[in-house]
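User: Please take me through the reasoning behind the labels used for this model, setting each value against its cut-off.

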Amino acid sequence: MKTMSKLGLACLLAAFLSLGALGRSAAPDLLKAHADILGAPGSGISGTAVFLQIGTGILPTVQVIVTVDGLAPGTKHGFHIHENGDCGNAFAAAGGHFDPGPFGNSTPPDTNHPFHMGDLPNLKADSHGRATFITTTSRITLSDGPLTILDGNGSAVIVHALEDLGTTGLPPGAGGARIACGIVVAD
Ligand SMILES: [Cu+2]
């Protein structure tokens, strides 16, 4: 089961890579980044987030492919990009939700939620404790610009203890405590 899903993700990645390679002369560049996700010691939680951006046009979009293992079966967990590339201090160092710009409001994370640039869908663990999603967002970029998650202080993804309810200003509607983290690294 685990092998099959990893194989599936590998195929998807290969498809994207070949798409970029085949159309090298005509297609825009493929930008990639990833985050290796790790829970607190002994939690058994680990995973990967992959970010793919094709092109840098007027409305760049980024595909986000996430797999996390070791969650409690059947549970839902908030998942976001946070504003600092730092998983220290029990993941608190990742800061608030990634939300740059003149109207950004990253801290506390429930403020301006779920309209932060770094907000993403919930992780939904299956009966084996594995959660996977593939989504597309135009709220972030990997290319340079005001929405890049590869900015000066980096970014991190955080898995929360609770479901993200999508509420605004009502803690812990954005998922509450932090149970896993991964620093976003450019590939
Ligand atoms: Cu979060």
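**Strand pairing and core**

Analyst: In this predicted model, Ala33 stands opposite Phe51 in S2, and His34 stands opposite Val185 in S9.

User: What makes S1 and S2 a pair of strands?

Analyst: Pairing requires at least two bridges between two strands; S1 (residues 30-39) and S2 (residues 46-54) are joined by 9 bridges in the antiparallel sense, so the criterion of at least two is met. The two strands form a hairpin with 6 residues between them, and Gly42 in that turn has a positive phi of about 90°.

User: How do you know that S1 and S9 pair, and in what sense?

Analyst: The same cut-off of at least two bridges applies: S1 and S9 (residues 178-186) share 5 bridges, again in the antiparallel sense, and therefore they count as paired.

User: Why do the residues of S1 fall into two faces?

Analyst: Side chains in a regular strand alternate between the two faces of the sheet. In S1 the covered face holds Leu31, Ala33, Ala35, Ile37 and Gly39, while Leu30, Lys32, His34, Asp36 and Leu38 lie on the uncovered one.

User: Why is Val157 said to be in contact with Ile37?

Analyst: Contact means C-beta atoms within 7 Å, and Val157 touches Ile37, so this pair satisfies that limit. Among the other residues that Val157 touches are Ala35, Phe79 and Val184. Both Val157 and Ile37 are listed among the residues with the most contacts inside the largest nonpolar core, which has 36 residues. Elements giving two or more residues to this core include S1, S2 and S9.

Technical notes:
Residues are numbered from 1 along each chain as its sequence is written. This is a predicted model: local features need pLDDT of at least 70, side-chain atom pairs count only at pLDDT 80 or more; totals for chains, interfaces and linings use all residues. A residue is buried if 20 or more other C-beta atoms lie within 10 Å of its own, exposed if 12 or fewer, and partly exposed in between; C-beta atoms are placed from the backbone. Helices (H or I, at least four residues) and strands (E, at least two) are DSSP runs, numbered from the N terminus. A nonpolar core is a set of buried Ala, Val, Leu, Ile, Met, Phe, Trp, Tyr and Cys residues joined through C-beta atoms within 7 Å. Two residues are in contact if their C-beta atoms, placed from the backbone, lie within 7 Å. Lists of a residue's contacts leave out its neighbours within four places in sequence.
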